[in-house]
Amino acid sequence: MKLRLYNSLTHQKDIFTPRQKNKVSLYTCGPTVYNYAHLGNLRTYIFEDVLRRVLIVNGYEVDQVMNITDVGHLTDDGDSGEDKMEKGARREGKTAQEIASFYTQAFLDDALALNIVLPKKMPHAADKKYIEAQINLIKTLEQKGYTYQTSDGVYFDSTKFKDYGKMAQLDIANLQEGARVSKNKEKHHPTDFALWKFSPQDKKRQMEWQSPWGIGFPGWHIECSAMAIKELGKTIDIHCGGIDHLPVHHTNEIAQSEAATGKQFSRFFLHAEHLLINEGRMGKSEGNFLTLQSLKDKKFDPLTYRYFVLGAHYRSKLNFSWEALKNSQQAYDKLISNLAGWETPTMENQDYDERFLAAVNDDLNMPKALAIFWDIVKTNLTSAQKMAQVFAMDKIFGLSLQEKSQQLKTKIGQAQEEIRALLQERETARQMKNFQRADEIRFQIEKRGLLVEDTKEGSLLKIKD
Ligand SMILES: [Zn+2]
C-alpha cells in the first residue's frame, strides 16, 4: 500500500518513497535544552515518533537524527536577543553546561514516559566535532559568495539564494523590517540571518569558540544543516519539525544547505501543528506552558496525553483542556480494562486490517485509525483474535497496551490470591471459634468490594453491589 505524506514543499500529499530502496533518512529538529519541553513541543515529538513507526510498518529502516540545541538559539528569531542557554543559566545560577545536561535528561525522561523512541544519533550543537562542521559549512558559503560580515557577526544574504522563502510562500517584496523583529540595522535585508555571531566585547560568554571570523558562536539554523549533512548526507528524505519552524528556521536551513551543496536539502518537509490552550498558542514565550510534569502532578498517566494527541490529525490545531484530557484518560482506562479481561492472543503476527493501514498511510490519519481500532475492539470476534490485531496496531500508536493490560491482569490476579488467602485464614479462625478475628477478616474482604456468606459447606464470595 502506498504511503502518502503531506509535503510542505509541494503543498500537497505526495507518494513517499525513499532515495535508497529500503532506508529512510529522517531529520527531526530537537529541543533547545534551556527549560522543560512544553506539551506543544511534545506533541511534535509524538507525531515524529508515529511517523517513524509508520515508516517501519511500511518496511523501511529509519536512519534518524535529532539534534540537541545547547548553544546559539536566541530569544527571538530575528538574530537579536539573548542566547537561551545563557539566559537559562542565569535564571538558575548554574553554568550553561549544567543547564544543558539537566534539561537534556529531562527531555529524555519525557520521551521515555511518552513511549517516544529516540534516535541513536542525537548530536549536540556545542560538541567540538559539530562546531567544526558548522564552521566548515559557513566557510563554504563564504567561498561561494553567500555571506557578508557586520560588526556583530557573519550573515547569509538571502537575496543571493534564488528560491528563498519558496516553501513558506513568503512575500519577500512586502516583508517589512519588523515582521521578523530585526533590531539589527546592519543587516542588508530583513530575511538575512546570522551564521556566526561574535561574542560581545563587554562581557564574557560561557560558550564561545575560535573561528576564521573571530571568537563567537554559531547561529541556531546552521547547526541543523551541518548535522543533517554530516550525519545523513547532502539530500535527506524527510525533515520534520513544528509548524513554527516553517517560515524562518526551515526556510533558512534550506537556503544555506542548498547554497552550500548545490543539491536539494530534503525531499519532504513535514510540519506538526500547534497545540492550543484556551484557544491560544502554547509556548514558553506566551508564559502559559504546561509540561508533562504538570500532568503527572494531577495524577494523569503520561500515555493519556499520547492518546489525546492521537485523537487529532497532526496537521490540525489541537486545543488542550483538562476536560479533554480527562476524557482521554477515561477512554484509555476503559481500553486497558477491556484488554485485561481478554485471553492471550492466538497468533504472534497479525496482518493489519486493510482499512487501518489505509488510514495510517494516508498522511498518518490517526483519528481515523483510532476509530477503526475501536471498531475492532468492539467486534464479536473472539478476544484472542482481537488481541492479536490490537497489539499489532499498537506498534503504531505506541500506547503500551500489551504491557499495561498485562499489569492490570496481574493485579486482578493478585487480588484474587489475596482474597483466597484471607478466606482461608477466616475459615481457620472460625474453626477455632475466634469470631472476632473472623469478623475482622470479613471486613477486610468487604473493603475489596466482596461479600462473604457463610454456608454449611464453607464460605462463599459475592460481589458487593
Ligand atoms: Zn532545526
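Tutor: Two strands pair if DSSP finds at least two bridges between them. Strands (E, at least two residues) and helices (H or I, at least four) are DSSP runs, numbered from the N terminus. The model is predicted: local features need pLDDT of at least 70, side-chain atom pairs count only at pLDDT 80 or more, and totals for chains, interfaces and linings use all residues. Residues are numbered from 1 along each chain as its sequence is written, and side-chain values use heavy atoms, with hydrogens and water left out.

Student: How do you know that E3 and E9 pair?

Tutor: Count the bridges. E3 and E9 have three, in the parallel sense. That meets the DSSP requirement, so E3 and E9 pair. Within E9, His239 is the bridge partner of Tyr27.

Student: How many bridges join E9 and E10?

Tutor: Six, again in the parallel sense. E9 covers residues 236-242. Ile238 has Phe268 of E10 as its bridge partner. Cys240 has Leu270 of E10.

Student: What makes E4 and E10 edge strands?

Tutor: Start with the order. The sheet is open, with four strands running E4-E3-E9-E10 in parallel pairing. E4 (61-66) and E10 (266-272) each pair on one side only, and that marks the edges. Neighbouring strands here turn by 25 degrees against each other on average, ignoring direction.

Student: What is the direction of H1 against that of E9?

Tutor: H1 packs on this sheet and touches E3 (23-28), E4, E9 and E10. Its direction makes about 155 degrees with that of E9. H6 (residues 246-261) also packs on the sheet, touching E9 and E10, and its direction makes about 155 degrees with that of E9. Axes are lines fitted to C-alpha atoms, for helices over the stretch in contact, with angles from 0 to 180 degrees between N-to-C directions.

Student: Why is E9 called largely enclosed?

Tutor: Check burial: under 20% relative accessible area is buried, over 50% exposed, in between partly exposed (1.4 Å probe, protein chains only). Seven of the seven residues of E9 are buried, so the rest of the structure largely encloses this strand. Across the chain of 465 residues, 53% count as buried.

Student: Which residues have the most contacts inside the largest nonpolar core?

Tutor: Leu39, Ile238, Tyr305, Phe320, Phe373, Phe397 and Leu401, in a core of 124 residues. Such a core joins buried Ala, Val, Leu, Ile, Met, Phe, Trp, Tyr and Cys residues through side-chain atoms within 4.5 Å. H1 (residues 39-57) gives the largest share, nine residues.

Student: How do you know that this core lies between domain 1 and domain 2?

Tutor: Domain 1 (4-281) and domain 2 (322-399) both supply residues, so the core lies between them. Apart from this core lies another, of seven residues, including Leu423, Ile441, Ile445 and Val452.

Student: Where do the domain bounds come from?

Tutor: From an automatic or database domain assignment. That assignment also gives domain 3 (405-463). The centres of domain 1 and domain 2 are 35 Å apart, over C-alpha atoms. Their contact (heavy atoms within 4.5 Å) takes 12 residues from domain 1 and 13 from domain 2.

Student: What is Phe373 in contact with?

Tutor: Setting aside neighbours within four places in sequence, Phe373 contacts Leu335, Val390, Met393, Phe397 and Leu401.

Student: What makes the axes of H4 and H5 parallel or perpendicular?

Tutor: The axes of H4 (residues 128-143) and H5 (residues 220-232) cross at roughly 100 degrees and come within 9 Å. Under 35 degrees is roughly parallel, over 145 roughly antiparallel, 65 to 115 roughly perpendicular, and the rest oblique. The crossing angle therefore makes H4 roughly perpendicular to H5. Among the residues that meet are Tyr130, Leu137 and Leu141 in H4, and Ile222, Met227 and Ile229 in H5.

Student: Why are E12 and E13 called edge strands?

Tutor: Their open sheet has three strands, in the order E12-E11-E13, with mixed pairing. E12 (280-281) and E13 (318-320) each pair on one side only. E11 (residues 275-277) and E13 pair in the parallel sense over three bridges. Leu318 in E13 is the bridge partner of Leu275. H8 (residues 302-310) lies across E11 and E13, at about 145 degrees to E13.
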